[in-house]
2 protein chains.
Amino acid sequence: MAPSDDVTRTIELLFFAYRAFTHDPDAHLESYGFGRAHHRVLHFVSRQPGMRVADLLDILAITKQSLAPVLKQLVDKGFIEQHEGAHDRRERRLHVTAAGARLSDDLKALQAQRLETAFASLPAPTRAHVEAFLFAIIDEQDREAVAALLPDVASGGIDPKR
Amino acid sequence: MAPSDDVTRTIELLFFAYRAFTHDPDAHLESYGFGRAHHRVLHFVSRQPGMRVADLLDILAITKQSLAPVLKQLVDKGFIEQHEGAHDRRERRLHVTAAGARLSDDLKALQAQRLETAFASLPAPTRAHVEAFLFAIIDEQDREAVAALLPDVASGGIDPKR
DNA sequence: CATTTAAGTCAACATGCCTGACATAAATCT
DNA sequence: AGATTTATGTCAGGCATGTTGACTTAAATG
């Protein structure tokens, strides 16, 4: 096997796996007239209620002009609410409504189903290895910010070599 | 830890990791006036020289109307060549040119760098676990076709439980 | 009071995907 | 041979998601 076959296989698996991973929510979102961009907003607002617009832009790494129509649609259709900041009234603190929480949970359930089925079919250490790998793929300078965002790892984490 | 924290962490890691994974090639492609769609075409044609347009459409899961402008640009700029099929002259067999092979290799090197650095920082079994996971994420009905496409696994594969 | 900050808006544009309809040439079936 | 199917290409129109640049508004801060 050529030396680059390993990396080719990983690259192609990532492509096909990520497409599968996003497929179910994409299909579900269609019935609401929403797309993947709406999913991302809903997910992170649901995960961090009260976040500011600027925080969301940082996480998504898009411009406010890109976010604007997506956020407006989510607000107009009653999935997200904006509240004036308590201490700084320029801020629009973002919250999911009950409907938004429901949709966000439904979308997560679709992805959870796929991920948990995969993990259940594989040996127990898989999850820790996979998470360590995914984390190591992220730019070193971004890892701290991402780690601060993620739910804590329970245990069995794979530590990077020194 | 809430039961859904695990899946939330995996979902978010996949999002951030995939964004990082595509970032370097995206940036490199910009200087050619190309996008991610061109990368995918270049990659698969390079991997399977002589493939037909219909094969490419199947793999990418897009319509020929979506592919057409992307393929035309790659042909016009001298990265891909089309040759009449030897046995069936309706077919346009796709091949990368020398320049196409070079660009494809350059893009792969960027992703290889990221992946291999990640694997090198982690215990040896990581690669097998990661690949088994990515494969298990793919729809069961698509796995056979994907497996046929991928370079063979050398050894140390993680077998799914029965 | 001047400046900065948070957010929103308007315009123009590019990419990458879609559906639908139709065209062409070559292979295949009857 | 003639009809049909197949492989590919093309035209038209549309939608989602992103970009840059310029500007506005309101509120906080120096």
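Chain A holds 7 helices and 2 strands. The model is a predicted one. Read from the N terminus, the elements of chain A follow the order α-α-α-α-β-β-α-α-α. The C-alpha trace of chain A covers about 60 × 40 × 30 Å along its principal axes. Chain A has 162 residues, of which 31% count as buried. Among the contacts in chain A with a separation of 6 or more, 54% join residues 24 or more positions apart.

**The two copies**

Chain B can be superposed on chain A by a rotation of 180° with 0.0 Å of shift along the axis, and the RMSD is 0.0 Å. The two copies are thus related as by a two-fold rotation axis. Within chain B, the residue closest to this rotation axis is B:Val130, whose C-alpha lies at 2.6 Å.

How many residues of chain B are in contact with chain A? The count is 49 residues of chain B, in contact with 49 residues of chain A. On the chain B side, α1 (5–30), α5 (98–120), α6 (126–137) and α7 (140–149) each supply at least two residues. The largest share comes from α1(B), with 14 residues. By class, the side of chain B that touches chain A has 31 nonpolar, 7 polar and 11 charged residues. The copies meet through the same surface, because 100% of the interface residues of chain B are also interface residues in chain A.

**The nonpolar core**

In soluble globular proteins, nonpolar side chains tend to be buried together. Here the largest nonpolar core has 38 residues, and A:Phe133 and B:Phe133 have the most contacts inside it. Both chains build this core: α1 (5–30), α5 (98–120) and α6 (126–137) of chain A, and α1, α5 and α6 of chain B, each supply at least two residues.

B:Phe133 reaches across to the other chain. Leaving out residues up to four places away in sequence, B:Phe133 touches A:Ala118, A:Leu122, A:Thr126 and A:Val130.

A:Phe119 lies in helix α5 of chain A. Is A:Phe119 buried or partly exposed? A buried residue needs 20 or more other C-beta atoms within 10 Å. A:Phe119 has 19, so A:Phe119 counts as partly exposed. Apart from neighbours within four places in sequence, A:Phe119 is in contact with A:Thr126 and A:Arg127. A:Val130 is 11 residues away from A:Phe119 in sequence, and their C-alpha atoms are 9.9 Å apart in space.

**Helix α4 of chain A**

Helix α4(A) has 13 residues, which at 1.5 Å a residue should span 18 Å; the end C-alpha atoms are 17 Å apart, which agrees. Which residues of α4(A) are buried? They are A:Val70, A:Leu71 and A:Leu74. An α-helix has 3.6 residues a turn, so residues three or four places apart point the same way. The buried residues of α4(A) pack against α2 and β1 (80–84) of chain A. After α4(A) comes A:Gly78, with a positive phi near 80°.

**The DNA strands**

The model also contains DNA strands C and D, and the table sets out the residues around each one.

| DNA strand | Residues around it | Nearest residues | Largest share of the surface | Classes |
|---|---|---|---|---|
| C | 24 residues | A:Arg52, A:Ala54, B:Gly35, B:Ala37, B:Ser66 | α4(A), 4 residues | 6 nonpolar, 8 polar, 10 charged |
| D | 24 residues | A:Gly35, A:Ala37, A:Ser66, B:Arg52, B:Ala54 | α4(B), 4 residues | 6 nonpolar, 8 polar, 10 charged |

Elements from both chains form each surface. Near DNA strand C, at least two residues each come from α3 (53–60) and α4 of chain A and from α2 (36–47) and α4 of chain B. Near DNA strand D, the elements that each supply at least two residues are α2 (36–47) and α4 (64–76) of chain A, together with α3 (53–60) and α4 (64–76) of chain B. Helix α4(A), whose buried residues are A:Val70, A:Leu71 and A:Leu74, thus appears again here, since α4(A) gives the most to the surface near DNA strand C.

Terms used:
Residues numbered from 1 in each chain as written. Chains lettered and ligands numbered in written order. Predicted model: local features only at pLDDT ≥ 70, side-chain atom pairs only at ≥ 80, totals over all residues. Near = placed C-beta within 6 Å. Nonpolar A, V, L, I, M, F, W, Y, C, P; charged D, E, K, R; others polar. Contact = placed C-beta atoms within 7 Å. Least-squares fit on C-alpha atoms with pLDDT ≥ 70 in both. Expected span 1.5 Å × (residues − 1). Buried ≥ 20, exposed ≤ 12 C-beta atoms within 10 Å, placed from the backbone. Core = buried A, V, L, I, M, F, W, Y, C linked by C-beta atoms within 7 Å.
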